[in-house]
Amino acid sequence: MSKQVIEHTLDQEDEYGMTGLMIACEAGKIEMARLLLDARADPTIKNNEGESALDLAKKGGYTEIVSLVEKALVEWDDVKDEIYKRRADHIKAKMDCMRKIGIDIKKENIKGWHGYNEKLDPWLDEYCSLHL
């Protein structure tokens, strides 16, 4: 899997708006939180309840994770623009590929685009990496 694909899916949210980082922080899994933050998971995202990874770590009383996320938040301002640009480039390339192979992408909705099938995602990434 390419670095761009990993960065694009790193902050993917479940139906509750929870990212992998939030789940790790809520469960007190410091090594997983560290791994995700080292990979540049976005610590500023909030779930459907308006809680961030930091809020969830505080709620659970996980002081080491709180410190880890607070440090990541300070560093986030320095790296976010570069990360967002790479993610935007990846999304644009993916959309161009989807158009090229005939997938209709007309209406945007909250979780993606109509005509986009999540089950095709791994195949689409592979196709795009070989043909773009």
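Colleague: In what pattern do the helices and strands follow one another along the sequence of the protein chain?

Modeller: In this predicted model, the protein chain reads α-α-α-α-α-β-β-α from start to end of the sequence. The count is six helices and two strands.

Colleague: How should one read the way helix α2 and helix α4 cross?

Modeller: One looks at the distance between the two axes and at the angle between them. Here the axes of α2, residues 20–27, and α4, residues 53–60, come within 7 Å of each other and cross at roughly 10 degrees. Angles under 35 degrees count as roughly parallel, so α2 is roughly parallel to α4.

Colleague: Which residues make that contact?

Modeller: On the α2 side they are Leu 21, Met 22, Cys 25 and Glu 26, while α4 contributes Ala 53, Leu 56 and Ala 57. Sorted by character, the contact of α2 with α4 has six nonpolar residues, one charged and no polar.

Colleague: Is Ala 57 buried or exposed?

Modeller: Buried means under 20% relative accessible area. Ala 57 has 0% relative accessibility and therefore counts as buried. Ala 57 lies in helix α4, and, beyond its neighbours within four places in sequence, it is in contact with Cys 25, Tyr 62, Ile 65 and Val 66. The C-alpha atoms of Ala 57 and Ala 27 are 8.1 Å apart, although 30 residues separate the two along the chain.

Colleague: What percentage of the residues of the protein chain count as buried?

Modeller: The figure is 36% of the 132 residues. The protein chain exposes about 8600 Å², of which carbon and sulfur atoms supply 54%.

Note on methods
Residues numbered from 1 in each chain as written. Predicted model: local features only at pLDDT ≥ 70, side-chain atom pairs only at ≥ 80, totals over all residues. Heavy atoms only, no water. Axes fitted to C-alpha atoms, helices over the stretch in contact; angles between N-to-C directions. Helix = DSSP H or I, 4+ residues; strand = E, 2+ residues; numbered from the N terminus. Parallel < 35°, antiparallel > 145°, perpendicular 65-115°, else oblique. Contact = heavy atoms within 4.5 Å. Nonpolar A, V, L, I, M, F, W, Y, C, P; charged D, E, K, R; others polar. Buried < 20%, exposed > 50% of the residue type's maximum accessible area, 1.4 Å probe, protein only. Areas by Shrake-Rupley, 256 points an atom, 1.4 Å probe, with all protein chains shown as cover.
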